[in-house]
Every structure is written in C-alpha cells, then in structure tokens.
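Reader: I'm new to this one, and it's a lot to take in at once. Please pick a single part, look at it closely, and then walk me outward from there.

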2 protein chains.
Amino acid sequence: DDLVDHSDEELWATEPYRDPRLIVKTAKPFNAEIPPEYQIAHFDTPNELFYVRQHMPVPELDAGAHRVRVVLEDTGHSREFSLQQLRSLPAASVRAALMCAGNRRSEMHKVKPVKGIDWAGGAISNAVWSGVYLRDVLLTCGVDPDDTEGKHVILTGADIDATGQNFSTSIPLRLALDASARVLLATHMNGEPLPPDHGRPLRVIVPGAPAVRSVKWLECITISSEESSSHWHKKDYRAFNPSTTWESADFERAPPVYSLPVTSAICAPRHGDTVTAAGEGATPRTYTSQHALVLCTLTTCAGYAYSGGGARVVRVDVSADGGRSWTEARLQQDAAPHREHYAWTLWTVRLPVPAHATQAELWVKATDGNLNTQPETFEHIWNIRGILSNAYHRVTVRLQH
Amino acid sequence: DDLVDHSDEELWATEPYRDPRLIVKTAKPFNAEIPPEYQIAHFDTPNELFYVRQHMPVPELDAGAHRVRVVLEDTGHSREFSLQQLRSLPAASVRAALMCAGNRRSEMHKVKPVKGIDWAGGAISNAVWSGVYLRDVLLTCGVDPDDTEGKHVILTGADIDATGQNFSTSIPLRLALDASARVLLATHMNGEPLPPDHGRPLRVIVPGAPAVRSVKWLECITISSEESSSHWHKKDYRAFNPSTTWESADFERAPPVYSLPVTSAICAPRHGDTVTAAGEGATPRTYTSQHALVLCTLTTCAGYAYSGGGARVVRVDVSADGGRSWTEARLQQDAAPHREHYAWTLWTVRLPVPAHATQAELWVKATDGNLNTQPETFEHIWNIRGILSNAYHRVTVRLQH
Ligand SMILES: [Mo]
Ligand SMILES: [Mo]
C-alpha cells in the first residue's frame with residue numbers, strides 16, 4: 001500500500017546489507033522476519049537478526065550532521081538538537097521488544113483474507129535501546145507537563161514515499177511525558193549505534209506500542225493539537241470488529257492503536273516437525289484430562305510471549321492435547337516490574353504428551369499482569385487489516401516414541 | 001471459607017440495614033449483588049444499591065475516635081492519624097468501579113464446579129470515592145519513593161474472624177506510590193460518608209484491582225518487606241491454569257492478583273426474556289453474516305464493560321446471532337484517559353436480529369485500550385477458585401416480531 005516508485009532503481013541502490021538468515025517477505029521495501037529458532041536463541045536479539053519492517057527505501061543519514069527539530073505548534077517555538085546536544089541530557093535505556101501490529105497476521109488470514117504483509121510469528125524481536133528520554137527532551141524545550149489534554153507528539157522520519165511525503169505518525173503527549181512509559185530517543189541498539197535498517201542515527205522507541213510508532217531516522221518532533229495527518233497514521237493501525245468492512249470502516253472514529261494485547265507463539269518445534277517423545281524414565285501421570293498421559297521430553301518446546309502497555313507476562317500455559325490439559329512453562333524475563341515491563345518473555349516447557357499418540361496438537365496461551373489472556377481463535381477478533389492477531393498459537397507435530 | 005462463628009448471634013446483632021432490592025447470596029457474612037437493571041440505571045451506583053462483599057460481621061466504628069496507624073517496619077517508626085488529621089492532606093477523589101475477582105463466577109461454575117460465592121454479574125458497581133491519596137500519606141510518613149523494590153503495603157481492617165484475625169491483604173509499595181494508580185484512603189462514597197457496609201469511616205480504594213485489596217474499616221497500614229501473611233492474601237486471589245487442582249496449586253509461587261482483565265455483561269434483556277423485535281420502518285440490511293437480517297430495536301439492550309489496571313474500554317461488540325455478526329455499542333464513559341481510567345463503561349446498542357428467528361443468542365465482548373479482549377469461553381480460563389471469569393457473556397432471549 002505504500003506509495004513507492006518501484007520503477008526507479010536508484011531509490012534502492014543504497015539499501016544496507018541484510019543477514020541472509022532473515023526471511024524476506026517483500027524485497028522493496030524490505031520486510032523480513034527473524035526465523036523462530038533465532039527468536040529463542042537469544043534473549044536480546046542480535047541486531048543483524050532483528051526483524052525488519054520498512055515502508056520505503058532506507059535513508060542514508062550522517063550521524064555527525066544529523067539534527068532533530070522540536071516544534072511547539074501553539075507557541076511557534078522550535079529548537080534543533082544534534083546528537084551530541086542530545087547527549088547532554090541524562091542517559092537512558094530500556095529493554096523493549098518491538099512488534100509489528102500485524103505480527104501473526106498469516107494465521108488470521110486463514111480465517112478470511114486480510115490486507116497486509118503475511119507475517120508469521122517473526123515480526124517481533126527484543127533489544128536494549130539507549131539514548132535519552134523523549135520526556136526530558138520535551139521538558140527541556142518548555143513543554144508543559146500539565147497541559148497534555150488533546151495534544152499529540154507528531155514524529156516524522158527521513159523516509160519518503162513517491163509523492164514526497166515523509167513517514168509520520170503520532171502518539172498522545174500524555175504518553176510521551178509519562179515517565180513510566182519510558183519513551184526514548186534512541187541512538188543505540190544492544191550497545192551498538194543503530195544499524196541503518198533500524199533508524200540510524202536516531203529513532204523513537206515507544207515501548208509497549210505497535211512498532212509503527214517507533215519512528216526511525218527521526219527528523220522532526222511536533223507538539224500539536226492534532227494527530228499526525230499522514231495516511232500511515234489516519235488510514236491504518238486502527239481496530240475494527242469482524243463485521244466492519246473496508247466500506248463501513250470509519251477510520252476517523254476508531255481510536256489509533258497505541259498498545260498491544262497479550263500474545264505468545266511456539267518457536268520450536270515447528271508445525272509439521274517430527275518430534276521424538278522421550279518417555280524413558282518418565283512416570284505415567286494422570287492429568288485433569290480424561291486421558292492418561294506419559295511425561296515425555298520434547299527436545300525443545302519453546303517460544304516467546306509478550307504483552308503491550310507495560311504489562312508483564314505472568315504465566316504461559318502450553319497444551320499438547322488440544323487444550324484438554326495445560327502445563328505451565330518456565331519463563332525467562334527481564335526484571336522490570338509489571339506496568340513498566342516492556343521486554344518479551346521467553347519460555348520453555350517439558351510437555352506431557354498422550355502415551356500412544358502419533359501426533360500432538362501444541363497450543364500456547366499467555367496471561368499478563370492484568371490477568372488478560374488470549375482469545376482461543378481468530379474468528380471473533382478478525383479485522384480487515386489483520387492486526388492484533390493474538391489468538392492461541394497452534395502447531396501440529398508428529399510424534400516418534 | 002471465612003472462619004466465622006455462626007453460633008454467636010451477638011456478632012450479627014449490629015449489622016446495618018440493607019436495601020431489599022439487593023440480591024442476597026449469603027446472609028452471614030452478608031454478600032449481595034446489585035440487580036442488573038440497577039447497574040445500568042445509574043452511571044454512579046447509588047450507595048444503597050452498591051454490591052456488598054463481606055468476609056465477617058460489619059464492625060461498628062466511631063468516625064470521631066477512629067485512628068489509622070502507619071507502621072514502617074524497617075525503621076520501627078509509626079504514626080497515627082485521625083480522620084481530621086488526614087484531611088490536612090490535599091483532597092483527592094477518583095471515579096472507580098469495584099469488582100469482586102469472583103464476579104461472573106456462576107458462568108465458570110457451569111463448566112466445572114469451582115469454590116466460592118456463586119456470583120452472577122452483579123458483583124460490580126461504580127462510585128466516586130473521595131478522601132486523600134495513600135501516596136500522600138506515605139510520603140508524609142517518610143516512606144522513600146525510590147526504595148520500593150520488594151516492599152509491600154499491608155492493609156488491615158477492623159473486621160475479625162473467629163480466631164481473632166483481622167482481615168488483611170497487601171499491595172506492592174510501588175503501586176501505592178504510583179501517582180497514576182490513584183490509590184485512595186476514602187472517607188466518602190458518592191459525596192456521602194461511607195456507609196457501614198462499605199467501610200465506614202475509612203477504607204482503601206485500589207482502583208483497577210480486585211475489590212478485596214480495597215480494605216474496609218482500615219485500621220493499620222504497614223510498610224513491610226513481606227506481603228500480608230493472612231490467609232485471605234496467601235491462600236486466595238491467585239490465578240492458576242485449568243489443569244491446576246487444589247492438590248497441585250502452589251499458592252506461594254503464583255503471583256497475587258493485583259489487576260483485573262477486560263470483561264463485560266449484558267444487563268438487559270435477561271436470559272429467558274421475551275423481547276419484542278420492532279421491525280417496523282426498519283430497512284432489511286445484509287451483514288457480513290450469511291443471514292439476511294432485519295434491523296430491530298430491542299427495547300433495551302444494555303450492559304456494562306470494565307477493564308482493570310487503568311485500561312479504558314475502547315469498544316464493545318454485541319452479537320444477536322451467536323457471533324456471526326457484531327454491532328458496535330454506544331459507550332457511556334468517564335473522561336479519564338487510558339492508563340488512568342478506573343470507572344466502568346455502560347453501553348447500549350440497537351441490535352439487528354435475524355428476520356424470522358424466534359430466539360436470539362446475544363453475546364457481548366469488550367476490547368480495552370491495550371487491545372485486549374475477552375476469551376470466547378470459560379473452558380481454558382477455568383480455575384479452582386473461579387476468579388477472573390471474563391469470557392463472553394451470552395444470553396438467550398425469545399423474540400416476538
Ligand atoms: Mo507494523
Ligand atoms: Mo472478592
């Protein structure tokens with residue numbers, strides 16, 4: 001949907017090198033998933049394996065010459081910062097997953113077609129971002145923290161579409177100024193300067209929000225009484241119910257998505273894999289299920305879980321018998337408390353599988369610190385844009401005993 | 001389960017007058033629902049109709065003589081406040097629903113028996129609470145807002161069980177000090193002094209948390225490196241997956257529930273009602289459903305929605321055909337922003353029903369500002385204690401055309 005002039009090869013001549021392990025969904029613009037086995041291999045995703053979501057060609061910016069302009073629309077004041085000037089503010093860092101609002105869209109797509117990149121579960125990765133708090137930048141510029149009602153922070157990047165429009169979106173000023181929201185202007189990712197694909201030399205990080213709000217190649221920050229007027233902001237990333245069609249959808253009335261619901265996915269084993277169920281030494285156990293089960297060790301049963309808005313994942317339940325019995329997974333987590341927890345959670349579990357089964361249906365669901373959990377299926381959360389696709393993740397594997 | 005000596009009639013001699021419209025679930029201790037028609041009749045529930053959840057007999061306290069003691073366990077410091085001394089702190093008020101963690105338990109109970117009062121949807125009501133912020137009280141007492149790690153605020157009421165134990169529970173100190181959490185020491189409810197059933201003369205209000213944390217008849221506030229050791233805190237209000245039994249439940253390891261997931265309920269019409277579907281003047285419309293539908297006005301189709309942890313409800317979807325088509329309801333809400341939104345949401349909807357149907361299956365589901373929504377059924381959220389029972393609410397009505 002992005003207006004990119006594909007006839008002009010020159011636009012793409014300076015695209016950065018990409019790790020061949022990424023799973024390319026579209027080449028121009030470049031959109032690629034991290035393979036599931038690499039999601040669970042590292043708590044903080046190596047920069048070169050971090051999933052990539054571009055709307056346009058990647059701008060080449062010079063860190064030394066780069067400036068970000070802060071504009072206060074109501075007073076007309078504006079101020080420019082070099083990266084070095086930003087560094088005079090207190091250093092800040094936050095461990096946060098970024099997830100595309102369309103992550104896991106391919107599963108919703110199977111219910112009924114939706115519009116958008118057909119992401120599997122690889123449009124989420126985790127990193128430690130560092131730079132300065134947007135809050136500190138705004139306060140330095142004289143933004144009044146007690147006058148946030150109806151105000152927005154418009155974030156504009158250097159990436160440009162074929163009509164000359166810079167990428168832009170906005171977040172509520174209240175969110176930008178909320179210390180616990182920890183909105184960052186980041187220059188570094190896992191201790192390295194941001195790679196070109198992730199916004200070199202400066203990007204916003206809005207922890208707990210759809211990644212689209214974390215604007216890359218940041219050039220301008222405008223405090224406004226209006227949301228961003230860009231089509232990326234006005235005509236996308238809004239939530240509708242399953243009965244809303246492209247004809248009936250009222251994008252003006254539907255609130256923009258600024259957070260993400262609780263989700264989870266199984267990264268290993270993968271759908272269709274043959275798994276050796278190691279029953280030796282394991283004692284038969286009876287579960288609350290009607291079935292007698294044998295404790296087996298699936299070589300690796302692991303994945304991720306995540307919840308937006310600062311919610312911490314508190315429990316991950318996995319089933320090997322289509323939901324008849326559930327086993328709690330072991331969690332690997334950042335120490336941040338609930339309400340300020342922005343990283344993903346990795347989980348592993350030794351799963352009991354029915355003794356004589358030749359296949360197992362693995363399900364996963366996560367529960368967060370607000371005790372929200374995932375919907376069972378995609379049917380009633382289906383929406384035209386295929387976003388917020390967070391029903392149980394289900395994988396069928398063949399069993400070898 | 002509460003240890004109350006039912007043989008001693010004297011304990012109950014001073015119970016307050018209760019409005020006969022309340023639906024009594026247990027008389028001693030007194031537990032009663034607000035009827036659904038009164039939930040939707042007022043945005044702020046009249047005090048006499050507010051649902052009541054008691055663990056023990058209601059203490060009779062003298063407002064003039066009442067003192068609340070604040071104890072800092074690590075320094076040994078303590079300080080007492082009369083209500084008049086509390087009033088020297090800045091006045092504060094918050095509009096917040098209180099909901100029992102077991103609200104709607106009766107629906108989960110139908111899947112498989114659970115332990116607890118068999119609440120329908122009437123264990124939630126809404127009010128404006130006023131008093132002072134607990135945060136201000138704690139800061140006045142010298143509590144260090146930068147030293148919250150692993151600390152808890154133990155809240156103890158004047159209500160006593162048969163063993164002499166005062167009711168007590170705790171919340172994390174971080175939550176108590178979080179300005180956006182708006183934890184209150186309330187003396188007033190909808191502008192009136194608290195009624196005896198709601199904690200006269202002083203109760204805690206922890207907005208967005210299960211009502212059990214909003215301790216009534218508050219006598220003591222202890223800053224401690226431990227959670228409350230009471231059985232109400234240690235052996236209840238913890239979440240488990242459906243496979244966890246009373247035998248396997250590890251209450252020490254399961255985190256206490258300090259927030260509530262998104263929920264909703266249909267208050268009118270009620271299950272089994274006969275509804276006149278007024279098709280006159282309505283144009284037949286085709287929905288995304290395969291069924292041709294006629295727009296009908298159900299006399300009243302209304303209810304409530306709520307989400308804990310400060311999440312604002314952003315959409316309520318209602319179906320009259322068992323989920324094949326969904327109509328967005330009109331919302332009545334408090335103006336508080338998402339992340340600090342603690343009131344319930346009332347909703348109404350004119351619902352299209354199948355033209356020739358003799359009955360309709362009404363479903364409701366809500367979506368909150370984190371884009372979390374409800375699970376479709378109770379099967380996979382079932383838990384031994386029957387709490388957090390937030391699957392779609394379903395009501396079958398007979399139709400008269
Ligand atoms: Mo996205
Ligand atoms: Mo409760």
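Author: Let's start with Leu388(B), which sits in the loop between β24 and β25 (393–400) of chain B. Those labels are for strands, meaning DSSP runs of E with at least two residues; helices are runs of H or I with at least four residues, and both kinds are numbered from the N terminus. Before going on, bear in mind that this is a predicted model, where local features need pLDDT of at least 70, side-chain atom pairs count only at pLDDT 80 or more, and totals for chains, interfaces and linings use all residues. As for bookkeeping, residues are numbered from 1 along each chain as its sequence is written, chains are lettered from A and ligands numbered from 1 in the order in which they are written, and side-chain values use heavy atoms, with hydrogens and water left out.

Back to our leucine. Leu388(B) has a positive phi of about 55°, although it isn't a glycine. With a relative accessible area of 11%, Leu388(B) is buried; that word means under 20% relative accessible area, while exposed means over 50% and partly exposed is in between, using a 1.4 Å probe and protein chains only.

Chain A has something to set beside that. Leu371(A) lies in the loop between β24 (359–368) and β25 (393–400) of chain A. Its phi is near 65°, a positive value in a residue other than glycine. Leu371(A) is buried too, at 9% relative accessible area.

Now step back from the chain B loop into β24 (residues 359–368) of chain B, which runs antiparallel to β19(B), with 6 bridges joining them. Two strands pair if DSSP finds at least two bridges between them. If you want one spot to find by eye, Asp317(B) has Lys365(B) as its bridge partner in β24(B). β19(B) also pairs with β20 (residues 327–328) of chain B, in the antiparallel sense over 2 bridges. There, Val318(B) stands opposite Thr327(B) in β20(B). Of the 7 residues in β19(B) (residues 313–319), 6 are buried, so the strand is largely enclosed by the rest of the structure.

One more residue ties in with β24(B). Thr263(B) is in strand β14 (residues 263–268) of chain B and is buried, with just 2% relative accessible area. Setting aside neighbours within four places in sequence, Thr263(B) is in contact with several residues, including Ala366(B), Gln374(B) and Asn390(B). Contact here means heavy atoms within 4.5 Å.

These strands also take us to the other chain. The contact between the two takes 49 residues from chain B and 49 residues from chain A. About 3700 Å² is buried between them, with carbon and sulfur atoms giving 46% of that area. Buried area is the accessible area (1.4 Å probe) that two parts lose on being put together, summed over both. Arg339(B), Leu371(B) and His380(B) supply 18% of what chain B buries against chain A, more than any other three residues.

What about charges and polar groups? Across this interface there are 6 salt bridges, each being a side-chain nitrogen of Lys or Arg within 4 Å of a carboxyl oxygen of Asp or Glu. One of them joins Arg253(A) and Glu328(B), whose closest N and O atoms are 3.1 Å apart. There are also 25 residue pairs in polar contact between the chains, both residues at pLDDT 80 or more. A polar contact is a pair of N or O atoms within 3.5 Å; within protein, one must be able to donate a hydrogen and the other to accept it, and residues adjacent in sequence count only if both atoms are side-chain atoms. On the side of chain B that touches chain A, the elements giving two or more residues are α5 (173–177), β19, β20 and β24 of chain B. The residues on that side divide into 20 nonpolar, 17 polar and 12 charged. Nonpolar covers Ala, Val, Leu, Ile, Met, Phe, Trp, Tyr, Cys and Pro, charged covers Asp, Glu, Lys and Arg, and the others, Gly among them, count as polar.

So if you trace one route, go from the loop with Leu388(B) back to β24(B), across to β19(B), and on to β20(B).
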